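Let's take a walk through this protein, beginning at its ligand and working outwards. Have the sequence and the model side by side as you read.

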Amino acid sequence: MDKLPFERPIIKKIETGMPSKFGMRSSYQVISDIDGVPVKEIIENYGSPCYVISEKTIRETYKDAYRAFSTKYPKVQFAWSYKTNYMNAVCKVYHSEGSWAEVVSGFEYDKALANGMQGSKIIFNGPDKSIEDLTKAINNKSLIHIDHFDELYTIIELCDSLKERPKVAIRVNMDTGIFPQWTRFGFNYENGEAWDAINRIMVSGKIDFIGLHAHIGTYVMVASAYGMAATKLADLASQLYTKYNHVVKYIDLGGGFASKNTLKGAYLPGTDTTPSFDEYADAISSALLKSAIKPDNLPTLILETGRALIDDAGSIVGTVLANKRLADKSRTMILDVGVNMLFTSFWYEHKITPAQEFSGQTEVTKMYGPLCMNIDVIRESIEFPLLKKDDNFVISRIGAYNMTQWMQFITLRPNIIMIDLEGKAHIIRKAETQNDVVANEIVPDYLK
Ligand SMILES: *Cc1c(COP(=O)(O)O)cnc(C)c1O
């Protein structure tokens, strides 16, 4: 028998029968592989840390979400929210499932084109669209979602010079009973601004007004808020029909569905509290079907859901750099994953799991990243097994926003791999090198 590795003893107050807020104990099961690829092998081949994306989980989650909506409403179209994760390989998987592209900048727009998206299947959102961006989008017959009056006037001006009829929708913000209410994007419903914008578009006579859009927030835990948003958009569609005899082709309810992550300070884990796709779909479809819109005129329902589709498909595997007791005797662990590559650790209590066998002993642990900066904390406090230096771990549900909102700060970004449906790993973004980061720097001659 192999000699067991030494584990430093700890002294712990025994609190028999004292449940934590989630029950009697915290139980951990090793995650030793991702889709059949051993974590140790990933780290050996691709380095530590390494982002890992499961194509299987992307496709399964997509199909589940699409089924939830398409069984409750006759015409459904998804559009992949690029900013949530715009790795080309990831976008291509969504496009191959039938998803259009939803972009919020010229950079993302060009990425969608380069990924083979037809212009007419790109939804262009956001408050920042330059004249060049708008010109390109109008010429490509993309769906432009207008954010403010200045943008509308620019588009009206462009109609004449481009001799094209732009295809537009307006983004509408509204009270849906949730807090905070996002009013900075789009036109307000309650104060009549949205209706004002619609009238200006209709009387211009130069624009194809084809849709109504709302994106009410992000990580919205209340399905009924979407029902209220759908009701208000349907109401605008009916007014439009009454006054202009005009039918909109689609109603786009944006994204914002909560993923199964647990928000900091939440009492119960996200896996128990966040609504399912079926609950969101029920609320939206029921509002649209019982609205005043006539059955023949029912618009296509577009959804731009991001985080709820991709979060579960992403993990980051890493290595323990050190264990350390602070002056107050509290236990801390230094990981090679910092907030620079796990931006969402500012909002979520991420699930962290050992990647090899461990003893049953756990202790309250604070987890730091490797950065020389005080805010680099991955978990404030977690009852965690006593991993040793060089042990590996997996942080789960990190597919949304981390590969786009990451910061180039102190360290270089690591490899991203995708595991395909056959369990084969592919690098989809190479680890950065020194040169990738300094290539754009210029030292003035006098300092050379
Ligand atoms: C960010 C964004 C989305 C996706 O949001 P999630 O919270 O990731 O689902 C969809 N539509 C618009 C307009 C967005 O800005």
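Of the 16 residues around the ligand, the ones that come nearest are K83, T218, G256, E304 and Y401 (a residue is near a molecule if one of its heavy atoms lies within 4 Å of it). Bear in mind that this is a predicted model, where local features need pLDDT of at least 70 and side-chain atom pairs count only at pLDDT 80 or more, while totals for chains, interfaces and linings use all residues. Residues are numbered from 1 along each chain as its sequence is written, and side-chain values use heavy atoms, with hydrogens and water left out.

Now look at the backbone around the ligand. A polar backbone atom of G256 sits 2.7 Å from a ligand oxygen. For G306, a polar backbone atom is 2.8 Å from an oxygen of the ligand, and for R307 the distance from such a backbone atom to a ligand oxygen is 2.9 Å.

Zoom out to the whole chain. An automatic or database domain assignment splits the protein into domain 1 (33–53 + 312–433) and domain 2 (55–311). Where they touch, 26 residues come from domain 1 and 26 residues from domain 2, with contact meaning heavy atoms within 4.5 Å. The C-alpha centres of the two domains are 33 Å apart.

How much area is buried between domain 1 and domain 2? It's about 2,400 Å², with carbon and sulfur atoms giving 57%; buried area here is the accessible area (1.4 Å probe) that two parts lose on being put together, summed over both. On the domain 1 side, Y348, R397 and Y401 lose the most area to domain 2, together 28% of what that side buries. Y401 is a residue you've already met, by the ligand.

What holds hands across that interface? There are 16 residue pairs in polar contact between domain 1 and domain 2, both residues at pLDDT 80 or more. A polar contact is a pair of N or O atoms within 3.5 Å; within protein, one must be able to donate a hydrogen and the other to accept it, and residues adjacent in sequence count only if both atoms are side-chain atoms. Salt bridges (a side-chain nitrogen of Lys or Arg within 4 Å of a carboxyl oxygen of Asp or Glu) number zero there.

Finally, a backbone oddity: the peptide bond from S48 to P49 is cis, with omega near -5 degrees. F179 and P180 are also joined by a cis peptide bond, omega about -5 degrees.
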